[in-house]
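Visitor: Could you take me slowly through one place in this protein where two helices pack against each other, and then show me how that place fits with the rest? I am in my first year, so please go step by step.

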Amino acid sequence: MGTASNAAMATKAKAMFGKRLTASDYQQLLQKKSIPEIASYLKNETLFQEALEGYSETGLHRGQLEMLIRRDLGTRLSRLLRYASTSGDKFYHYGIMMSEVEQIMACIRAFNDEDNYKMIGELPLYIEKSTSFDIRALAQVHDFGALLEVLDKTPYADLIRPFSVTNMEDFDYTACESVLRKYFYDQVMKIVDQEFSGKVKKEIKEIFLTQIELDNITRIYRSKRYFNATPAQIKKVINPVYLRIPKRELEEMIDHCNAEEFMERLARSAYHNYLDSSNFAYIEYHAQSINYNLNKRHMMFSTNPDIVLIAYLVLSETEIQNVVDIIEGVRYGIPADKINRLLIY
């Protein structure tokens, strides 16, 4: 790590971050009244120009536009990896795994949307050469049987097989995504343990452990608020990670707090600077906001290329989700001020 080429990658990532959507861009997008208007602004006024090149703004429907925007993260990763060391740094494979998981879930989401299949499996060639399965084959997949054939001989097949259904109304999307993300984090931690040492190892692990802990917090709240899950059921579906909230404290919150009490305790925890239980929007927003702000600090102040890469991808994911939230909001006629409260930037 720390080679001249990796330093160049960090410089490129910071430059790309400088071209991110601004507050003015978001306000412009919030004024749009249709999907074609949003597509036109993104294509002509923002960094998503390349992602939408060759597509007619008036011909894109909501699902297609969202797919193109989500796919842009793979393009950004590919562009950054061209600057990385070619000596075989294993750490950068984590970005490939992240793209693999996103492509698998995109494929499953498209089972009921024929128009989206041409959007799937079109990652940049640089990434495609490094994936553990044939990404482009996903464009021909329309059910779980075909998906398992594409994923055969990869760990993903055994992870997804228990969720196979014939009727997508019976598919547990959240549980399937959780299993895939747990596998992703487990693999990342192994790579970090092998490739790093000292302060850098500690900082990188803290970034990922924070993401896992925030995933746990989200899962606990949702389980209590929407599913009335028992403490035993909740403990089975969270990862055993305790970073800013000690294990004993978190287990006490699981055992004895309802959803509202859980948020009140969380607002007094090590995350208190980021949470206000009296001004609670929804748990995913707060978790994403915490993760965004922590990684924005890394992007602005870190000089380590590996940390900068992680931060850039987290910030880009948030930006893409902002755009998707605007698209969804306009599609379903949600007032602009309500959509605006969902955005993180």
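**A pair of helices and its surroundings**

Guide: Where helices α6 and α16 cross, the crossing is right-handed, and, before we look further, please keep in mind that the model in front of you is predicted. Two packed helices are described by the angle between their axes and the distance between the axes. For this pair, the axis of α6, which covers residues 93-109, and the axis of α16 come within 11 Å and cross at roughly 20°. Angles under 35 degrees count as roughly parallel, and α6 and α16 are therefore roughly parallel to each other.

The residues that touch can be picked out on both sides: α6 brings Y94, M98 and E102, while α16 brings L309, I310, L313 and E317. Sorted by class, this contact has 5 nonpolar residues, no polar ones and 2 charged ones. A general point helps in reading such a list: an α-helix has 3.6 residues a turn, so residues three or four places apart point the same way.

From this pair we can step out to the nonpolar interior. The largest nonpolar core has 89 residues, and those with the most contacts inside it are F91, Y94, L147 and Y156; the element that gives the most to this core is α16, with 15 residues. Y94 therefore deserves a second look, for it belongs both to the α6 side of the helix contact and to the residues with the most contacts in the core. If its neighbours within four places in sequence are left aside, Y94 is in contact with F184, V188 and F208, as well as with L309, I310 and L313. Apart from this core there is a second, separate one of 23 residues, which includes I238, C257, L266 and A267.

The start of α16 leads us to the loop between α15 (283-301) and α16, where N304 is found. At a relative accessible area of 17%, N304 is buried, because buried means under 20%. The C-alpha atom of N304 is separated by 8.0 Å from that of V200, although the two residues are 104 residues apart along the chain.

Helix α16 also takes part in covering another helix. In α3, residues 35-45, the buried residues are I35, I38, A39, Y41, L42 and K43, and what covers them includes α2 (23-30), α4 (49-52), α5 (62-81) and α16 (305-331). Of these, α5 packs with α3 at an angle of about 25°, with the two axes 10 Å apart, and that makes α3 roughly parallel to α5. This crossing is left-handed, whereas that of α6 and α16 is right-handed. On the α3 side, I35, I38, A39 and L42 meet R62, L65 and I69 on the α5 side, and by class these residues divide into 6 nonpolar, no polar and 1 charged. Another residue of α5 is R71, which is buried, with a relative accessible area of 15%.

To see the opposite arrangement, turn to α11 and to α14 (residues 259-266), whose axes come within 8 Å and cross at roughly 155°. Angles over 145 degrees count as roughly antiparallel, and α11 and α14 are therefore roughly antiparallel to each other. Here I217, I220, Y221, K224 and R225 of α11 make the contact with A259, E260, F262, M263 and L266 of α14; by class, this contact has 7 nonpolar, no polar and 3 charged residues. L266 also links this contact to the second core described above, where it is one of the residues included.

Finally, one loop shows how neighbours in sequence can be placed in opposite ways. K153 is found in the loop between α8 and α9, as is T154. K153 counts as exposed, at 81% relative accessibility, and has a positive phi of about 75° although it is not a glycine. T154, in contrast, is buried, with a relative accessible area of 9%, and its contacts beyond the neighbours within four places in sequence are with S132 and F133.

Note on methods. Residues numbered from 1 in each chain as written. Predicted model: local features only at pLDDT ≥ 70, side-chain atom pairs only at ≥ 80, totals over all residues. Heavy atoms only, no water. Buried < 20%, exposed > 50% of the residue type's maximum accessible area, 1.4 Å probe, protein only. Helix = DSSP H or I, 4+ residues; strand = E, 2+ residues; numbered from the N terminus. Contact = heavy atoms within 4.5 Å. Core = buried A, V, L, I, M, F, W, Y, C linked by side-chain atoms within 4.5 Å. Axes fitted to C-alpha atoms, helices over the stretch in contact; angles between N-to-C directions. Parallel < 35°, antiparallel > 145°, perpendicular 65-115°, else oblique. Left-handed = near helix turned anticlockwise from the far one by under 90°. Nonpolar A, V, L, I, M, F, W, Y, C, P; charged D, E, K, R; others polar.
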